[in-house]
Amino acid sequence: GWLLSESLAAKYTCVLFLFHSGFKVSITRQGRGALKKDVVRCEDFEFFAAALLNYWVRADVNVSSIADRITTDDATFMQLKAGLGDVYGFELDKLFVTSLREIKNLVFNVRDPALQQLWQLVRQRISGTGANGSNKKGVFYETSPQLASNQKKMRALEQGRAFRTAAKGLVSIGAGLAQLKEFRDLFEDANQKVVEPLIEAGLNSADIAALLSATADAFGDLDALRLAC
């Protein structure tokens, strides 16, 4: 305890975690030939820190449905801050980090087949169709129905390199979290390796949120990972 009110203690914990981690954040980025400022509020960093502390640092968290629960609304933020009382220390959970490194080895060993299957699983979730043909809704399908119905964007993801680049970026970022330098580059790597390729493919923020949520949910159904368990 910090001998502070619950709300202020949560904010203080998030700030300490951000300073401890030493994340590198650029105030500008290169985009389509011109420097563009990224608008990030203090509240965004606080939310980010609370999410990482709850799901990457806590060893006792149930991660089976994280994609269903992580949204950027106020209710979720309050739940995240409430969970900070169960966080002890700022180091990433070792089992979590080791698992992410093993995922990279498994996925990249089979190369294209795993990425092709991942896209099929993601597309099923975005369109709301389960693997068995049932009308199962995707994780965040209701938040961005226009992505599933936009054939141009879906073709750009499937036929282009955007989804493959973003998926490989996610796996590489996860595998590098054990290295301090890689962890500190988390913001910039996520922007350059994941977000920017999707923006170049024509996706907006709602599309990207839906795609990444579906991707997170689909990883567990990859044959390469299921056979290794």
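Q: What do buried and exposed stand for, and where does Cys-14 fall?
A: Buried is under 20% relative accessible area, exposed is over 50%, and partly exposed sits in between (1.4 Å probe, protein chains only). Cys-14 comes out at 1%, so Cys-14 is buried. Cys-42, at 66%, is exposed. Keep in mind that this is a predicted model: local features need pLDDT of at least 70, side-chain atom pairs count only at pLDDT 80 or more, and totals for chains, interfaces and linings use all residues. Residues are numbered from 1 along each chain as its sequence is written, and side-chain values use heavy atoms, with hydrogens and water left out.

Q: How many disulfides are there?
A: A disulfide is a pair of cysteine sulfur atoms within 2.5 Å. By that rule, the count here is zero.

Q: OK, salt bridges next. How many does the whole structure have?
A: You look for a side-chain nitrogen of Lys or Arg within 4 Å of a carboxyl oxygen of Asp or Glu. The search turns up seven.

Q: Which residue does Lys-24 pair with?
A: Asp-185, with the closest N and O atoms 3.3 Å apart. Lys-24 is in the loop between H1 and strand S1 (28-31), and Asp-185 is in the loop between helices H10 (180-184) and H11 (186-200), so the pair ties together parts 161 residues apart in sequence. Asp-185 is buried at 7%, while Lys-24 is partly exposed at 41%.

Q: What is the N to O distance between Lys-181 and Asp-185?
A: Their closest N and O atoms are 3.0 Å apart, in another salt bridge. Through shared partners, Lys-24, Lys-181 and Asp-185 form one network.

Terms used: Helices (H or I, at least four residues) and strands (E, at least two) are DSSP runs, numbered from the N terminus.
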